[in-house]
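This report goes through the structure displayed here, taking helix packing, backbone angles and charged pairs in turn.

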Amino acid sequence: MDKQIIISIGREFGSGGHQIATDISKHFNLPLYDKSILENIAKEKGVDVNELCKFDEIPKNRLFSRTVQGHSSSPEEAIANMQFDFLREKASSGESFVVVGRCANSILKEYDGLISVFVTADMEKKIDRVAEYFDIDREQAHDIIVKNNKKRKLYHNFYCKEKWGDSRHYELIINTSRIGIPQAKEIVQAYVEKYIESNK
């Protein structure tokens, strides 16, 4: 493609947002950045990726960390900033890509090619999907959804001025409960194609 596009997909847990991101990246033949960012960082730093994953998408713990002369002792904040820097480097290089979460709709908002999407779903549908995926009962699925969405919201709202899931900060918000994940992917795909066509 002639011009850079960065497709940022925020998502509620169980909404199918990651699947949509995966399908979109394949359709447009673009790199997909999600937890794989940590694999790149771990390889570069020569550390165990599992150690980095422990602190992924978790807000800074104010009780057990401190900042001295601009340097934070928080591993959560360090991991977040390494991922943000990774994405900024990719964006500033002119690369086009798809990114899941990681506050991308906020930290990359200065790039003209950014397309920000948020994927949501009704709780019952999310429960259905999570219970089937993890082979657990509905009560367990509900608890996992609530826990993960709370964590994502806290993480995003800690590092960004824009609030997680606030419609004012996304170009497109899709509820997969209404039309299903494949159809939601087609809508995002069509939106991106229209964007590319109008920016030739």
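Ile 24 lies in helix 1. The model is a predicted one. In it, Ile 24 is buried, at a relative accessible area of 0%. Apart from neighbours within four places in sequence, Ile 24 is in contact with Ile 7, Val 98, Lys 185, Val 188 and Gln 189. One of these contacts joins residues well separated in sequence: Ile 24 and Lys 185 are 161 residues apart along the chain, yet their C-alpha atoms are separated by 7.0 Å.

Ile 24 belongs to a group of buried residues in helix 1 that also includes Gly 17, Ile 20, Ala 21, Thr 22 and Ser 25. The buried residues of this helix pack against strand 1, strand 2, strand 5 (97-100) and strand 6 (114-120), and also against helix 8 (176-179) and helix 9 (181-198).

**Positive phi angles**

Just after helix 1, Asn 29 takes a positive phi of about 55 degrees. Asn 29 is placed in the loop between helix 1 and strand 2 (32-33). With a relative accessible area of 68%, Asn 29 is exposed.

Asp 135 also has a positive phi, of about 55 degrees, although it is not a glycine. Its place is the loop between helix 6 and helix 7. Asp 135 counts as exposed at 70% relative accessibility. As background, most residues other than glycine have a negative phi.

**Helix 7**

In the loop region before helix 7, Asp 137 caps the N-terminal end of the helix: a side-chain oxygen of Asp 137 lies 3.1 Å from the backbone nitrogen of Glu 139.

Does the length of helix 7 agree or disagree with the expected span? Helix 7 (residues 138-159) has 22 residues, which at 1.5 Å a residue should span 32 Å; the end C-alpha atoms are 32 Å apart, so the two agree.

Which residues of helix 7 are buried? They are Ala 141, Ile 145, Asn 148, Asn 149, Arg 152, Tyr 155, His 156 and Tyr 159. These residues cover an arc of only 125 degrees around the axis, so they sit on the same side of helix 7. An α-helix has 3.6 residues a turn, so residues three or four places apart point the same way. The buried residues of helix 7 pack against strand 1, helix 4, helix 5 (104-107) and helix 6. On the other side of helix 7, Glu 139, Lys 147 and Lys 150 are exposed.

**Salt bridges**

The structure holds 8 salt bridges. Side chains of opposite charge can pair when their charged atoms come close. Three of the pairs are listed below with their N to O distances.

| Acidic residue | Basic residue | N to O distance |
|---|---|---|
| Glu 12 | Lys 126 | 2.8 Å |
| Asp 85 | Arg 88 | 3.3 Å |
| Glu 95 | Lys 90 | 3.9 Å |

What does the salt bridge between Glu 12 and Lys 126 tie together? Glu 12 lies in the loop between strand 1 (6-11) and helix 1 (17-27), and Lys 126 lies in helix 6 (residues 123-134), so the pair ties together parts that are 114 residues apart in sequence. Glu 12 is buried, with a relative accessible area of 16%. Lys 126 is buried as well, with a relative accessible area of 5%.

Asp 85 and Arg 88 pair within one element: both lie in helix 4 (residues 75-92), 3 residues apart, about one turn of the helix. Asp 85 is partly exposed at 40% relative accessibility, and Arg 88 is partly exposed with a relative accessible area of 34%.

In the third pair, Lys 90 counts as partly exposed at 24% relative accessibility. Its partner Glu 95 counts as partly exposed at 21%; the cut-off for buried is under 20%.

Salt bridges also link Glu 124, Asp 128 and Arg 138 in a network. Arg 138 is the residue at which helix 7 (residues 138-159) begins, and helix 6 (residues 123-134) covers the positions of Glu 124 and Asp 128.

Methods
Residues numbered from 1 in each chain as written. Predicted model: local features only at pLDDT ≥ 70, side-chain atom pairs only at ≥ 80, totals over all residues. Heavy atoms only, no water. Salt bridge = Lys/Arg side-chain N within 4 Å of Asp/Glu carboxyl O. Helix = DSSP H or I, 4+ residues; strand = E, 2+ residues; numbered from the N terminus. Buried < 20%, exposed > 50% of the residue type's maximum accessible area, 1.4 Å probe, protein only. Expected span 1.5 Å × (residues − 1). Arc of directions from axis to C-beta. Contact = heavy atoms within 4.5 Å. Polar contact = N/O pair within 3.5 Å; in protein donor to acceptor, adjacent residues only side chain to side chain.
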